[in-house]
Amino acid sequence: MLDPKELRRLMGHFATGVTIITTKGADGTPYGLTANAFTSLSLDPPLCLVCVDRKAESFAHFYDSKVFTVNILTCAQEELSNRFAKSGGDKFTDVATVPGHHGAPLIEGALAHIECRITDTLEGGDHVIHIGRVEHIHMQPGDPLLFYQGRYRRLA
């Protein structure tokens with residue numbers, strides 16, 4: 001049997017970008033979480049996927065809204081990544097956002113926004129995998145925030 005802590009340490013050897021995945025509650029309340037479990041899935045049709053921990057306070061709102069936005073963070077947004085990685089509190093206080101096409105918040109200054117409508121949800125152990133059809137995109141120049149071996153990194 002694999003030790004979960006050892007597996008997590010091993011997986012940390014894979015460098016990833018850092019995102020904040022946002023959605024909205026039935027009453028329009030914004031929700032979000034930091035995630036590096038995001039990837040492109042298909043170009044035709046345009047699909048991507050995000051993995052959401054079942055213990056995340058925003059977990060149920062992805063099911064309810066059927067939409068999510070991937071906000072790809074810049075190296076200047078490390079503090080936002082830390083804020084959205086924690087449970088509790090109003091994560092959106094003093095965070096500049098605009099509503100996207102589906103109402104999920106777009107974080108201003110992000111490197112890119114990928115707005116998706118959930119087409120499928122799959123079981124994935126302690127996470128669920130939401131597959132989203134990409135419906136709207138926006139990108140701007142900048143340097144990405146990276147995560148490697150438990151620490152934030154920047155491009156050299």
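Let's begin with a pair of neighbours: F59 and Y63 both sit in helix α2 (residues 59-65), four residues apart, which is about one turn of the helix. Keep in mind as you explore that this is a predicted model. Beyond that helix, you will meet an open sheet of seven strands, another open sheet of three strands, and a pocket with a volume of about 1,300 Å³.

**The aromatic pair in α2**

- Searching the whole structure turns up three aromatic pairs.
- One of them is formed by F59 and Y63, whose arrangement is edge-to-face, with 5.4 Å from centre to centre and 65 degrees between the planes.
- To find this pair on screen, look in helix α2, where both F59 and Y63 lie.

**The seven-stranded sheet**

- As background, strands of a sheet pair through backbone hydrogen bonds, and they can do this in a parallel or an antiparallel way.
- Here, the strand order is β3-β2-β6-β9-β10-β5-β4, and the pairing is antiparallel.
- Why is one side of β3 and of β4 left without a neighbour in the sheet? Both β3 (30-35) and β4 (38-43) stand at the edges and have a single partner strand each, so one side of each has no neighbour there.
- From one strand to the next, the twist of this sheet averages 35 degrees.
- Helix α3 (residues 78-85) lies across β2 (19-24) and β3, and runs at about 110 degrees to β3.

**Walking across the sheet, strand by strand**

- Strand β6 (residues 67-72) is joined to strand β9 (residues 112-124) by six bridges, and the two run antiparallel. Within this pairing, V67 has R117 of β9 as its bridge partner.
- How many bridges join β9 to β10? There are 12 bridges, and these two strands run antiparallel as well. I118 stands opposite G132 in β10.
- β9 and β10 also form a hairpin, with two residues between them. In its turn, G125 has a positive phi of about 65 degrees.
- Seven bridges connect β5 with strand β10 (residues 127-139), again in the antiparallel sense. Two examples to look for are L49, whose bridge partner in β10 is I131, and C51, whose bridge partner in β10 is I129.
- β4 is joined to strand β5 (residues 46-53) by five bridges, and the two run antiparallel. T39 has L49 of β5 as its bridge partner.
- β4 and β5 form a hairpin with two residues between them.

**The three-stranded sheet**

- This open sheet has the order β1-β11-β12, and its pairing is antiparallel.
- β1 (16-17) and β12 (151-153) are the edge strands, each with a single partner strand, so each has one side left without a neighbour in the sheet.
- Two bridges join β1 to strand β11 (residues 146-148), and these strands run antiparallel. You can pick out G17 standing opposite L146 in β11.

**The largest pocket**

- The largest pocket has a volume of about 1,300 Å³. It is lined by 37 residues, and those closest to its centre are R8, N36, A37, D53 and H127.
- At least two lining residues come from each of α1 (4-11), β3, β5 and α3.
- Which element gives the most to the lining? That is α1, with five residues.
- The lining is a mixture in chemical character, with 16 nonpolar, 13 polar and eight charged residues.

**Backbone details worth a look**

- In general, most residues other than glycine have a negative phi, and most peptide bonds are trans.
- Where is there a cis peptide bond? Look at the bond from D44 to P45, which has omega near 5 degrees. P45 lies in the loop between β4 and β5.
- D94 is not a glycine, yet it has a positive phi of about 65 degrees. You will find D94 in the loop between α3 and β7 (97-99).

Terms used:
Residues numbered from 1 in each chain as written. Predicted model: local features only at pLDDT ≥ 70, side-chain atom pairs only at ≥ 80, totals over all residues. Heavy atoms only, no water. Pairing = 2+ DSSP bridges. Axes fitted to C-alpha atoms, helices over the stretch in contact; angles between N-to-C directions. Contact = heavy atoms within 4.5 Å. 1 Å grid on protein atoms, 1.4 Å probe; cavity = no way out; pocket = protein on both sides within 12 Å on 5 of 7 lines; lining within 4 Å. Points joined across faces, edges and corners; volume = space filled by probe spheres on them. Nonpolar A, V, L, I, M, F, W, Y, C, P; charged D, E, K, R; others polar. Phe/Tyr/Trp six-rings, centres within 6.5 Å; stacked < 30°, edge-to-face > 60°.
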